[in-house]
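User: I'm new to this one, so could you walk me through it slowly?
Analyst: Gladly; here it is, and we can take it topic by topic.

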Amino acid sequence: MPNSVAGKILFVDLTKRTHWYEPVEPETYRQVLAGMGMAVKVLSEHIPVGADPLGPENILAFVSGVLTGLGVMFSGRFLVAGKSPLTNGWGDANCGGNFAPAIKANGVDGIFFLGVASEPVYVYIHAEKVEILPAVDLWGKDALETEETLGIRHGIHARIASIGPAGENQVRFAGIVNHGGRLAARSGLGAVMGSKRLKALVLEFSNGSPEEGIEGLKAQNRLIRSYMPRGKNFVPGWSLGIAGWVLSHMKNATRIDGLMSLPPFSEWGTASGNQVCLIGGDAPVRNWRGDPSMYSSRWISVGRITPTQKKKYACIHCPLGCGSRCEVSTDGSLPLETHRPEFEVFTGFGSNLLNRDFSSFYQISDLCNRLGLDAISAASAVAFAIDCYEHGLIHSEQTGGLELCWGDPQVAVILLQKIARREGYLGSLLAEGVRRAAQTLGPASQEFAFESGGQELPMHDPRVDPAYGVQYVSDPTPGRHTISATQEYEMFRLWTKVSWAPEPPKSYPKTDKYENSLTNAKMNVAGSLYKMIMDCAGICLFGAHLGADRLGIFEMLNNAMDYDLTPDEYMEIGRHIQSLRQRFNLMHGVHPADAWINPLLVGQPPASRGPARGRQYDLAGMRSLFWKEMGWDELTGEPPVGQKDGESKG
Amino acid sequence: MIHIRVIAPFESTAMEGREECEVHEGSTIHQLIVQLGFPLVANIIPVTVNGAQVDHGCHLKEGDLVVFLMPYAGG
């Protein structure tokens with residue numbers, strides 16, 4: 001067994017207050033690697049059919065990738081997995097911060113929580129001890145207060161993942177928080193943690209970089225560092241707005257290389273895309289039913305962000321550092337010090353709500369971090385509520401007198417507080433997620449619901465890039481933007497490593513993206529399989545923007561695992577893992593073909609204004625071809641029974 | 001002549017889809033843009049050489065990696 005993996009996993013039964021270790025055989029690593037692969041294999045075998053996502057039979061997993069903990073650049077990601085209370089199927093959420101390497105540092109590749117504690121607890125793992133400790137004093141605290149309290153209690157080597165009030169109250173889109181506000185946000189796994197009355201997981205961790213012991217990893221780290229931006233950034237903020245305008249007005253699309261976006265990404269993180277995405281029609285406006293002319297990109301420009309940035313922030317083992325600690329005055333009182341909001345907050349709570357109040361984005365982002373709410377789903381829920389209120393589907397007596405209107409940030413702030421505590425009719429309604437809320441309010445509200453399979457949609461409009469649409473309705477975690485899309489695929493540069501991955505031309509007509517072509521399907525499949533390898537390795541998606549040839553993920557995995565696999569063979573492992581995720585859904589009665597998006601986002605009816613004007617595409621056909629290229633049934637999305645890819649207990 | 005690598009959001013018949021190209025030793029970025037037939041707008045697009053941002057009067061040397069910047073529309 002190579003030193004890069006632990007060779008065992010830990011189970012903690014919160015009902016019986018016991019724990020045990022199980023060995024992981026070398027053949028298992030060869031089949032599924034670690035991280036995502038380990039999670040889906042173990043959970044497929046242990047979560048019984050019909051398990052309530054918020055009941056004792058669900059299992060919550062914290063897993064670490066093969067390369068995590070080895071000092072490899074961009075390897076500071078951990079993955080949380082379980083049965084999702086939003087989709088009732090496979091759920092996972094990937095997160096940076098400082099927590100990831102602490103899992104393997106405690107001698108395991110994953111920690112799996114079973115059962116339900118009789119009272120609030122937290123689990124502290126240190127020096128080969130597993131302690132289940134009372135958390136009654138922590139219950140009710142927000143996630144940042146919890147982290148601070150536990151940090152003082154257990155010292156500077158404690159790495160802490162916790163839930164806020166949203167997780168405690170089993171809000172279906174609650175996330176899990178670490179390092180002062182980095183969230184494993186999607187799939188509602190914070191609610192699963194809350195349902196187990198598990199307030200926090202605390203791991204002892206002493207920093208180290210054992211990469212020097214593994215031949216090849218140190219050299220690859222040097223190579224990766226050589227691509228990182230150096231010196232002072234002087235990309236003018238205004239140039240991003242112009243770039244957005246130029247890109248949206250060009251007939252042809254230009255193939256992007258990840259190196260082109262590194263300096264702005266290093267300076268402003270995901271927010272570097274605010275203006276480009278808004279002007280280009282990618283970001284939603286007024287609950288997706290508006291257009292860019294209704295919201296100026298200046299209101300969320302990097303020019304306004306720059307003065308708030310006080311200190312660069314990087315996740316552990318990240319040479320890029322796309323985060324920032326910021327300071328902003330909100331209401332004239334003490335300045336708020338917080339993480340810089342992500343693109344999803346600026347657009348989800350900005351353009352999508354027609355909110356121009358710049359400081360409110362920091363306040364709302366901080367609030368989501370503290371409450372432990374997935375900002376994407378939360379923004380969707382707020383926009384849905386405003387639309388329903390405006391159209392008479394929610395009445396003032398149901399809002400407690402709160403007038404739900406566009407452009408008022410306090411509406412979002414108040415609703416987030418209500419949602420996290422399931423307060424009143426509206427708080428309880430929206431805490432169930434947009435899909436369930438729409439089912440409660442009736443068919444007329446469907447028009448305002450933007451979700452897929454129960455998961456609220458991220459802020460990327462598939463009318464501008466249909467590859468997003470395909471992933472929204474095809475991936476086993478529907479409504480996910482971090483699998484693959486056109487630009488993402490271009491940056492992955494898989495054609496340099498994988499024999500069958502198509503190489504996009506350097507320039508091509510934008511209309512190519514709308515074609516139900518074999519090339520588009522192959523690119524979507526390749527991106528999807530590669531993402532599984534990233535999640536098995538513990539590598540950040542933004543690190544993968546360097547390109548497969550420059551990042552060297554396949555070579556690093558071979559070095560770390562003493563394997564001699566080709567990139568094509570790794571992609572087959574990715575296919576196997578995607579099939580296991582899909583099989584999990586089928587096993588739990590979730591039919592892949594049922595995932596769909598609001599017809600508006602397929603261009604039905606076509607948009608009359610903006611960059612998406614007149615755009616339509618054959619999403620059903622594109623999904624069929626995607627599934628076919630995946631090796632699955634093109635109508636049902638079911639992996640064939642009996643083939644290696646479909647193996648799991650069902 | 002020196003050999004450099006250029007990554008840019010433009011097509012160039014001189015590069016024929018490759019990243020590598022030959023330019024006169026000491027060429028500036030402005031001269032590189034002309035030599036490769038890039039559009040004039042390239043003269044105002046921020047550029048890095050070996051990861052460090054430079055102005056377009058920067059002189060190139062053997063083995064340099066020149067990247068014209070373009071924001072990623074995602075996140």
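**Cavities, pockets and contacts**

Analyst: In the lining of the second largest cavity, 3 residues are nonpolar, 4 are polar and 1 is charged. Please keep in mind that this is a predicted model.

User: Which residues line that second largest cavity?
Analyst: The lining of the second largest cavity is made up of Glu515(A), Asn516(A), Ser517(A), Asn520(A), Ala521(A), Asn524(A), Met622(A) and Leu625(A). Two elements of chain A, helix H20 (518-537) and helix H25 (619-630), each give two or more residues to this lining, and H20(A) gives the most, with 3 residues.

User: What volume does the second largest cavity have, and how many cavities of 30 Å³ or more are there?
Analyst: The volume of the second largest cavity is about 50 Å³, and the structure has 4 cavities of 30 Å³ or more.

User: OK, pockets now. What volume does the largest pocket have?
Analyst: The largest pocket has a volume of about 770 Å³. It is lined by 38 residues, of which Leu247(A), Ser248(A), Gly280(A), Val464(A) and Lys510(A) are the closest to its centre.

User: Which elements give two or more residues to the lining of the largest pocket?
Analyst: They are helix H8 (237-249), strand E13 (252-254), helix H10 (274-279) and helix H19 (486-492), which belong to chain A. H8(A) gives the most to the lining of the largest pocket, with 5 residues. Sorted by class, the lining of the largest pocket holds 18 nonpolar, 11 polar and 9 charged residues.

User: And the second largest pocket, which residues are the closest to its centre?
Analyst: For the second largest pocket, with a volume of about 460 Å³, the closest to the centre among its 26 lining residues are Val246(A), Phe10(B), Val41(B), Ile45(B) and Met70(B). The elements that supply two or more residues to this lining are H8 and helix H9 (258-268) of chain A.

User: Which element gives the largest share there?
Analyst: That is H8(A), with 7 residues in the lining of the second largest pocket. The lining of the second largest pocket divides by class into 21 nonpolar, 3 polar and 2 charged residues.

User: Let's switch to the two chains. How many residues are in contact between chain B and chain A?
Analyst: On the chain B side 25 residues are in contact with 42 residues of chain A. The size of an interface is often given as the accessible area lost when the parts come together. Here chain B and chain A bury about 2600 Å² between them, with 63% of it on carbon and sulfur atoms.

User: How many salt bridges and polar contacts are there between chain B and chain A?
Analyst: There are 2 salt bridges between chain B and chain A, and one salt bridge joins the side chains of Glu19(B) and Arg493(A), at 3.4 Å from N to O. The count of residue pairs in polar contact between chain B and chain A is 6, where both residues are at pLDDT 80 or more.

User: Which strands of chain B touch chain A?
Analyst: Strand E1 (2-7), strand E3 (47-49), strand E4 (52-54) and strand E5 (65-68) of chain B each supply at least two residues of the side that touches chain A. That side of chain B has 16 nonpolar, 6 polar and 3 charged residues.

User: How many salt bridges are there over all chains?
Analyst: The structure holds 30 salt bridges over all chains. One of them is between Arg422(A) and Glu432(A), whose closest N and O atoms are 2.8 Å apart. Arg422(A) is in the loop between helix H15 (409-420) and helix H16 (424-431) of chain A, while Glu432(A) is in the loop between H16 and helix H17 (434-441), so the pair ties together parts that are 10 residues apart in sequence.

User: Last topic, the backbone. Where is Pro605(A), and is the peptide bond from Gln604(A) cis or trans?
Analyst: Pro605(A) sits in the loop between helix H24 (567-587) and H25 of chain A, and the peptide bond from Gln604(A) to Pro605(A) is cis, with omega near 0°. Most residues other than glycine have a negative phi, and most peptide bonds are trans.

User: What about phi of Gln170(A), is that positive or negative?
Analyst: Phi of Gln170(A) is positive, near 55°, in a residue other than glycine. Gln170(A) lies in the loop between helix H5 (165-168) and strand E10 (176-178) of chain A.

Technical notes. Residues numbered from 1 in each chain as written. Chains lettered and ligands numbered in written order. Predicted model: local features only at pLDDT ≥ 70, side-chain atom pairs only at ≥ 80, totals over all residues. Heavy atoms only, no water. 1 Å grid on protein atoms, 1.4 Å probe; cavity = no way out; pocket = protein on both sides within 12 Å on 5 of 7 lines; lining within 4 Å. Points joined across faces, edges and corners; volume = space filled by probe spheres on them. Helix = DSSP H or I, 4+ residues; strand = E, 2+ residues; numbered from the N terminus. Nonpolar A, V, L, I, M, F, W, Y, C, P; charged D, E, K, R; others polar. Contact = heavy atoms within 4.5 Å. Buried area = accessible area lost by both parts, 1.4 Å probe. Salt bridge = Lys/Arg side-chain N within 4 Å of Asp/Glu carboxyl O. Polar contact = N/O pair within 3.5 Å; in protein donor to acceptor, adjacent residues only side chain to side chain.
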